[in-house]
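Subject: Handing over a structure

Hello,

I am passing this structure on to you, and I would be glad if you kept it open beside this message while you read. After it come my notes, grouped by topic.

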Amino acid sequence: MGAVPSTPSLSGARPQDTAGYLIGSFVGEKSFPIGSDFWQKLLELPLNLHWPTHRVHEACKLFAQNNCNTRHLAKILIHLSWCLQECVSNSGALSEVYAKAVNAVYISSIFLKYLIENAQSNSIEEFHVSLNESEPAPNSFKTDQNIESLVMHNVLNFIGSVEVSPNTYLLHQELLNFMLVAMSTQLLYGPAPGPTDMNPFIDAAMAQESSLVRLVVRRLLLNYIIRPRIPFNSASYPVFSGGSQPGVLQRVSSAAATFVLLPFNYLVSSTGDGPRNPLADISLHVLLILNYYRKSVVGDESLTDRSDDSATSDSLSKGKTYFSDNPYCKALENARDIEFDRVDIEGNAHSGSHVRLPFASLFDTLGMCLADETAVLLLYTLVHGNSDFLEYVLVRTDLDTLLMPILETLYNASKRTSNHIYILLIILLILSQDSSFNASIHKMVLPSIPWYQEHLLHRTSLGSLMVIILIRTVKYNLSKLRDLYLHTTCLATLANMAPHFHHLSAYASQRLVSLFYMLSRKYNKLAERIDDKMGKSGSFGQDSLAEDLSAELHIYTDFLRIVLEILNAILTYALPRNPEVIYAIMHRQEVFEPFKNHPRFSELIENIYMVLDFFNSRIDSQTHDGEWSVEKVLQLIIMNCRSWRVEGMKMFTQLHFSYEQESHPEEFFTPYIWRVALAHRGLSFNPSAINLFPVDLPIEKPNDDGDDQNKLENANWNEHRVLLDL
């Protein structure tokens, strides 16, 4: 068959001018100089020849074999850069220029992706992204320049500088697809970045000037906020011709490079999350990958951030290596609301050095999209890393815009991955650290909650609903996930909220007491198992099972103490405002009896019984014919709340939990973001080449029975911490 795949002839067309011949030449043995008219023919002609799957695989293999000599990958990347430069420099560029750029970026993506997923070594030389020294080149081109830097600069410059319009939409989208492909070298390495990891394209992105980085971050977020629609008139782009049969590159895409999908494939969502916006989705994936990238360098290297002349060597140490600054993370952390120019104490506005965004639109967009994991990741990134955005969220009077989709997703936890659930809980914990948030959520009354099926919730406050869902999540975790950190996060959030409870609903109050009962049953079962084991052997000895049981018992002891401290905080700081909590404690007072003399709980139980004794005595002193109804008992509680005095209670230090992200978040977020990107975009990658996360896991989105994936994801959170701040 020869070095070039045979192609069917087209009647009336010269073979050398057909798309099949040009692609065959591109992957073949013959090297075409960078100045050859071959490249113009390749990028200008409609690529509409149809190849079967096995031919596409053959083309990719031939390209990998011959690229070391032809350097055609480097050359098409150079031509891509030139096309993008022309598009940027001439805002009124002809559609033919954009079509050439689309063809160039599309061909580059297909074959670069194949080289990455079939890489055999840890060396950039394997990609041959450079020209031979003897290569003839135009006088304007320096043969020794770094092509990865050249192409990434031009890709990012186009994305950041050129507005998205019907004429530029497809090119924007394919450039973002190219960035995903180029950054997929991360899939080849483990989750802990090392100095020998080879990520040439993303490293080149990190080296861009801070002004360009800000433009790119702004454009990616605006794409996500504005969510521009797909233009259906794509006649200007022959590669996207809407015929009944796919073109040659469409065939390549479906068979050997499904990492790159044509825009028409995006019209149908395969995720089950409802309608999606392709440009918004891929913009967010690219932004998150850029934001959480960390380059590990040897300690004696200069760590000055090349993207900002004023930057210092403020890097994180990890053993003998360091992480260089990430300019995209810095830009996102320093983003400001376009409606509010923050002025420093000297009266100097900082609008020029920050990404300016419409926080109101971003807030509303996130509220619409929080069923999607990438939206949750963005919200987490912003509320944790951007103090201005967190402050903006906390002063919004319509917190239900964010909280209702979060709570509904937690309600449907069995249909979500544990990572998705855990990040939502972390967001709630971060918000609960603010006292104004804890107060304001009780002021908003919800007429109904149609998605809550277990109980009719009528005119329930947002705060009460949050308590109900958090407790329900603990119950789900007890039966399904058994995740220590999930328990801790739920209880920490409730503890932060407790002193600010205001007219907690009857159902929420009942669930709060039931939470103590659920945990006490688990505690008692563990204690019984330990007693049985000690009764048989007389001691633990070296029994690992007994040691595990003892450690678990200690954990549940801490959980029970937190719940008791939550109840104490309500009774100490908010008793007059929460008669339903008092009623719920009185109604189930027997659940506290076994712990009345327990050395770890007695002091906390003492306050509860002081409240019980006070209200029980008031009820006993009332003469009443017949049985006490709920309404009458509650009315009596409300009346006696006025005469309640807190002075006699033992005062405990008010708990305040804060969230602290572990010191190397990229070890969790990089694998997680890539798994989500692969699943949500329907992208494929050679499983045997993936080292970033376990290859035995299905890449597609897990279904309701994704327990195996949940177990793995739980392990990834073992460094995330919730700190007790007293």
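**What was found**

H503 is found in the loop that runs between α20 (484–497) and α21 (506–537). Please keep in mind throughout that this is a predicted model. The backbone at H503 deserves a look, since its phi is near 50°, a positive value in a residue that is not glycine. H128 is a second place to look at, with a phi near 55°, again a positive value in a residue other than glycine. You will find H128 in the loop between α5 (95–117) and α6 (147–161).

**A buried threonine**

Is T381 buried or exposed? T381 counts as buried because its relative accessibility is 10%, and the limit for that word is under 20% relative accessible area. T381 belongs to helix α14, which covers residues 373–385. Its side chain makes a polar contact with the side chain of Y292, at 2.7 Å. If residues up to four places away in sequence are not counted, T381 touches L288, N291, Y292, L332 and N386, so that Y292 appears both in this list and as the polar partner.

**Salt bridges**

How many salt bridges are there? The count comes to 13, and I describe some of them here.

In one of them, the side chains of R472 and E454 meet, with 2.7 Å from N to O. This pair links distant parts of the chain, 18 residues apart, with R472 in helix α19 (residues 462–481) and E454 in the loop between β6 (445–448) and β7 (458–461). R472 is partly exposed, with a relative accessible area of 25%, and E454 is partly exposed as well, with a value of 46%.

Another salt bridge is formed by K650 and E603, whose closest N and O atoms are 3.2 Å apart. Here too the pair links distant parts of the chain, since K650 lies in the loop between α25 (630–641) and β8 (657–660) while E603 lies in helix α24 (residues 602–620), 47 residues apart. K650 is partly exposed, at 39% relative accessible area, and E603 is partly exposed at 28%. These two residues also belong to a wider arrangement, in which salt bridges that share partners join R561, E565, E603 and K650 into one network.

A further salt bridge brings E590 together with R588, the closest N and O atoms being 3.5 Å apart. E590 is partly exposed, with a relative accessible area of 46%, and R588 is partly exposed, with 23%.

**Aromatic rings and the charges over them**

R588 has a second role in these notes, because R588 lies over the face of Y517, at 5.0 Å from the ring centre, where a charge counts as sitting over a ring if its atom is within 6 Å of the ring centre and within 35 degrees of the ring normal. Which ring does the charged end of R227 sit over? It sits over the ring of Y224, 5.1 Å from the centre of that ring.

As for rings that pair with one another, the count comes to 29 aromatic pairs. Which residues form one aromatic cluster? They are F26, F32, F38, W39, F63 and F111.

With best wishes

How values were computed
Residues numbered from 1 in each chain as written. Predicted model: local features only at pLDDT ≥ 70, side-chain atom pairs only at ≥ 80, totals over all residues. Heavy atoms only, no water. Helix = DSSP H or I, 4+ residues; strand = E, 2+ residues; numbered from the N terminus. Buried < 20%, exposed > 50% of the residue type's maximum accessible area, 1.4 Å probe, protein only. Polar contact = N/O pair within 3.5 Å; in protein donor to acceptor, adjacent residues only side chain to side chain. Contact = heavy atoms within 4.5 Å. Salt bridge = Lys/Arg side-chain N within 4 Å of Asp/Glu carboxyl O. Phe/Tyr/Trp six-rings, centres within 6.5 Å; stacked < 30°, edge-to-face > 60°.
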